[in-house]
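Reader: I should be grateful for a close look at one part of this model, namely the helix that lies across a sheet, and for an account of the sheets and helices around that part.

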Amino acid sequence: MLYIGDETIDRWIKEDVPYIDLTTLTLGIGGFKGKISFAAREYTVLSGVEEVLRIFAKFGITPIRWLPSGSVVNKGDIFIEAEGLASSLHMAWKMAMNIIEYSSGIATRTKRMVDKAKFLNPQITVVATRKSFPGTKELAIKSIIAGGAFPHRLGLSETILIFKQHVNFFGDIHKLALVMKEIKGNACEKKVIVEVETLEDARLLIESGVDGLQFDKIPANDLRIMVDQIRRLNPNITLLGAGGINGDNIEEYAQTGIDAIVTTSMYFGKPSDIGVTMEKI
């Protein structure tokens, strides 16, 4: 689904185990063989499972059974079981649990939003912004995909999305429109999307040949009216809604006629509640 390099896995391990596991060493139990099990304590969409298995491999832990990222589990369902030395199990334990809980939290929130939106509009796409916490982008991207969404922008190098902050350097939206043909020529294989707040600006940009419009912080009822008028001018233009869209109001925006809902809200919330048990075998 998404490749995370060995150097990243090794960095995660080094953060949590800089030298030794002092507790297990002091107790003298490291040489015993044991079993570790991960179980959901609530409805959960899994993410991060493959990365946990790679951490296990680094410690010589053998997976017995597991469910892949994107799987839906319910309270009491066991989704990872593995065996290894107690020294290895204890070094991998919290690291693996943190990855699963935080990643699955994002995936679960994402799926709930996607399900709500697509129930009302099967053609709409939910896309997640690049506002994930720095250093966590790989797991964040994997998690939103596991939940059924897509990344809006993987980074500044990927897409052309013109914000008000860019327009300020031209002077105003009218001056941007005057050079739209030149902008599109500079990256002819890419779509040019401009963020707008008013119907007047949208009309001006459509006339200039823009490929898409992203509406920022427009109430759903107002956006529905704007979309209807814009579709009459250009039925093929790409339209996105962004700004303040979350699990509570996503259904309203799904019915506005836009092509995609842009949101950050799946990144923020509680981690999934996962239980981990270990036993000697």
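Author: Helix α4 (residues 86-120) lies across β1, β5 and β13 and runs at about 155° to β5. Here lying across rests on contact, meaning heavy atoms within 4.5 Å. Axes are lines fitted to C-alpha atoms, for helices over the stretch in contact, and angles run from 0 to 180 degrees between N-to-C directions. Helices (H or I, at least four residues) and strands (E, at least two) are DSSP runs, numbered from the N terminus.

The model is predicted: local features need pLDDT of at least 70, side-chain atom pairs count only at pLDDT 80 or more, and totals for chains, interfaces and linings use all residues. Residues are numbered from 1 along each chain as its sequence is written, and side-chain values use heavy atoms, with hydrogens and water left out.

The strands beneath this description belong to an open sheet of four, in the order β3-β5-β1-β13, with antiparallel pairing. Two strands pair if DSSP finds at least two bridges between them. At the edges of this sheet are β3 (62-66) and β13 (274-280), each of which pairs on one side only. On average, neighbouring strands are turned by 15° against each other, direction ignored. Within the sheet, strand β1 (residues 33-40) and strand β5 (residues 78-85) run antiparallel and are joined by seven bridges. Gly34 has Gly84 in β5 as its bridge partner.

Another helix, α3, lies across β1, β3 and β5 and runs at about 10° to β5. The axes of helix α1 (residues 6-16) and helix α3 (residues 49-58) come within 10 Å and cross at roughly 75°. That angle makes α1 roughly perpendicular to α3; angles under 35 degrees count as roughly parallel, over 145 as roughly antiparallel, 65 to 115 as roughly perpendicular and the rest as oblique. To this contact α1 contributes Asp6, Ile9, Asp10, Trp12 and Ile13, while α3 contributes Glu51, Arg54, Ile55 and Lys58. Four of the contact residues are nonpolar, none is polar and five are charged. In this grouping Ala, Val, Leu, Ile, Met, Phe, Trp, Tyr, Cys and Pro count as nonpolar, Asp, Glu, Lys and Arg as charged, and the others, Gly among them, as polar.

The UniProt record, an unreviewed entry, gives residues 21-104 as "domain: Quinolinate phosphoribosyl transferase N-terminal". This span is 42% helix and 30% strand, and its end C-alpha atoms lie 27 Å apart. The same kind of annotation, "domain: Quinolinate phosphoribosyl transferase C-terminal" (unreviewed entry), covers residues 106-267 in UniProt. UniProt positions are given in the numbering used here, feature names are shortened, and annotations may be inferred rather than shown by experiment. Over residues 106-267 the chain is 44% helix and 17% strand, with end C-alpha atoms 6 Å apart.

A further open sheet has seven strands with parallel pairing, in the order β7-β6-β12-β11-β10-β9-β8. Because β7 (150-151) and β8 (160-162) stand at its edges with a single partner strand each, one side of each is left without a neighbour in the sheet. Strand β6 (residues 125-128) is joined to strand β12 (residues 260-263) by four bridges, and Thr125 stands opposite Ala260 in β12. Two bridges pair β6 with β7 in the parallel sense, where Ala128 stands opposite Pro151.
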